[in-house]
Amino acid sequence: MLRDVFPEALRGEPAPCDPGVWELSRLATGRSWSRTVTAGFGPLARALLWEAFRWVDQHGDTIVAVSSVAVERSVNAMGVRTRRLGDGRATRLGSLLCSAYTTSTRDFLENAAPVC
């Protein structure tokens with residue numbers, strides 16, 4: 001999606017293209033699953049992120065994503081460092097301020113508390 005649908009979010013950088021890089025740009029849960037929020041995510045979203053990062057860690061080592069800046073902040077609030085692609089600035093996509101970023105699965109698995 002990043003390369004084909006939201007290339008402007010790359011801010012001039014080519015889309016990562018490597019077998020160890022996996023894109024995670026779509027994640028949604030119903031509001032009823034978001035009542036208890038930790039680091040900006042409800043329990044189901046945290047569990048989905050945890051499992052996605054574990055799966056990618058078994059098949060690669062890097063996640064690239066495009067999301068709202070608010071979601072990026074929530075990922076960072078979980079203790080996971082992100083690095084924005086391109087010139088590091090956010091891009092308005094429709095009505096949302098978005099960023100394209102990358103993170104290491106190791107960083108996520110070492111810093112984010114697992115969901116039980």
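Two residues are in contact when heavy atoms of theirs lie within 4.5 Å. The exercises below apply this and related criteria to a predicted model.

**Exercise 1. Which residues does M1 touch, not counting residues up to four places away in sequence?**

Solution.
1. Locate the residue: M1 belongs to the segment before β1.
2. Apply the contact criterion, leaving out residues up to four places away in sequence; the partners of M1 are then F6, E23 and R26.
3. Examine one of these partners, E23: the C-alpha atoms of M1 and E23 are 8.0 Å apart, while 22 residues separate the two in sequence.
4. Classify the exposure: M1 has a relative accessible area of 35% and is therefore partly exposed, since that class lies between 20% and 50%.

**Exercise 2. Determine which residues line the second largest pocket, and describe the lining by class.**

Solution.
1. Begin with the principle: rolling a probe the size of a water molecule over the atoms shows where empty space is left.
2. State the volume: the second largest pocket holds about 200 Å³ of space.
3. List the lining: it is formed by M1, L2, R3, D4, A15, P16, C17, D18, V21, W22, E23 and V64.
4. Sort by class: eight of the lining residues are nonpolar and four are charged, with no polar residue.
5. Assign the main contributor: β1 gives the most to this lining, namely three residues.

**Exercise 3. How many aromatic pairs does a search of the whole structure find, and what is the geometry of W22 and W55?**

Solution.
1. Search the whole structure: one aromatic pair is found.
2. Evaluate the geometry: the ring centres of W22 and W55 are 4.8 Å apart and the ring planes stand at 90 degrees, so the arrangement is edge-to-face. The cut-off for this class is an angle over 60 degrees.
3. Place the partners: W22 lies in strand β1 (residues 21–23) and W55 in helix α1 (residues 43–59), so that the pair links distant parts of the chain, 33 residues apart.
4. Compute the exposure of each partner: W22, at 33% relative accessibility, is partly exposed, and W55, at 39%, is also partly exposed.

**Exercise 4. Identify the buried residues of helix α2 and the strands against which they pack.**

Solution.
1. Take the helix as residues 69–77; V69, E72, S74 and V75 are buried in it.
2. Find the packing partners: the buried residues of α2 pack against β2 (62–68), β3 (83–84) and β5 (96–104).
3. Inspect what follows the helix: G79 comes after α2 and has a positive phi, near 95 degrees.

**Exercise 5. Where is R11 found, and is its phi positive or negative?**

Solution.
1. Recall the expectation: most residues other than glycine have a negative phi.
2. Compare the value: phi of R11 is positive, near 55 degrees, in a residue other than glycine.
3. Locate the residue: R11 is in the segment before β1.
4. Classify the exposure: with a relative accessible area of 24%, R11 counts as partly exposed.

**Exercise 6. Characterise the chain as a whole by its elements, contacts and surface.**

Solution.
1. Count the elements: there are three helices and five strands, in the order β-α-β-α-β-β-β-α along the sequence.
2. Evaluate burial: 35% of the 116 residues count as buried.
3. Consider contacts with a separation of 6 or more: 70% of them join residues 24 or more positions apart.
4. Obtain the surface: the accessible area of the chain is about 6800 Å², and carbon and sulfur atoms account for 54% of this area.

Terms used:
Residues numbered from 1 in each chain as written. Predicted model: local features only at pLDDT ≥ 70, side-chain atom pairs only at ≥ 80, totals over all residues. Heavy atoms only, no water. Phe/Tyr/Trp six-rings, centres within 6.5 Å; stacked < 30°, edge-to-face > 60°. Helix = DSSP H or I, 4+ residues; strand = E, 2+ residues; numbered from the N terminus. Buried < 20%, exposed > 50% of the residue type's maximum accessible area, 1.4 Å probe, protein only. Areas by Shrake-Rupley, 256 points an atom, 1.4 Å probe, with all protein chains shown as cover. 1 Å grid on protein atoms, 1.4 Å probe; cavity = no way out; pocket = protein on both sides within 12 Å on 5 of 7 lines; lining within 4 Å. Points joined across faces, edges and corners; volume = space filled by probe spheres on them. Nonpolar A, V, L, I, M, F, W, Y, C, P; charged D, E, K, R; others polar.
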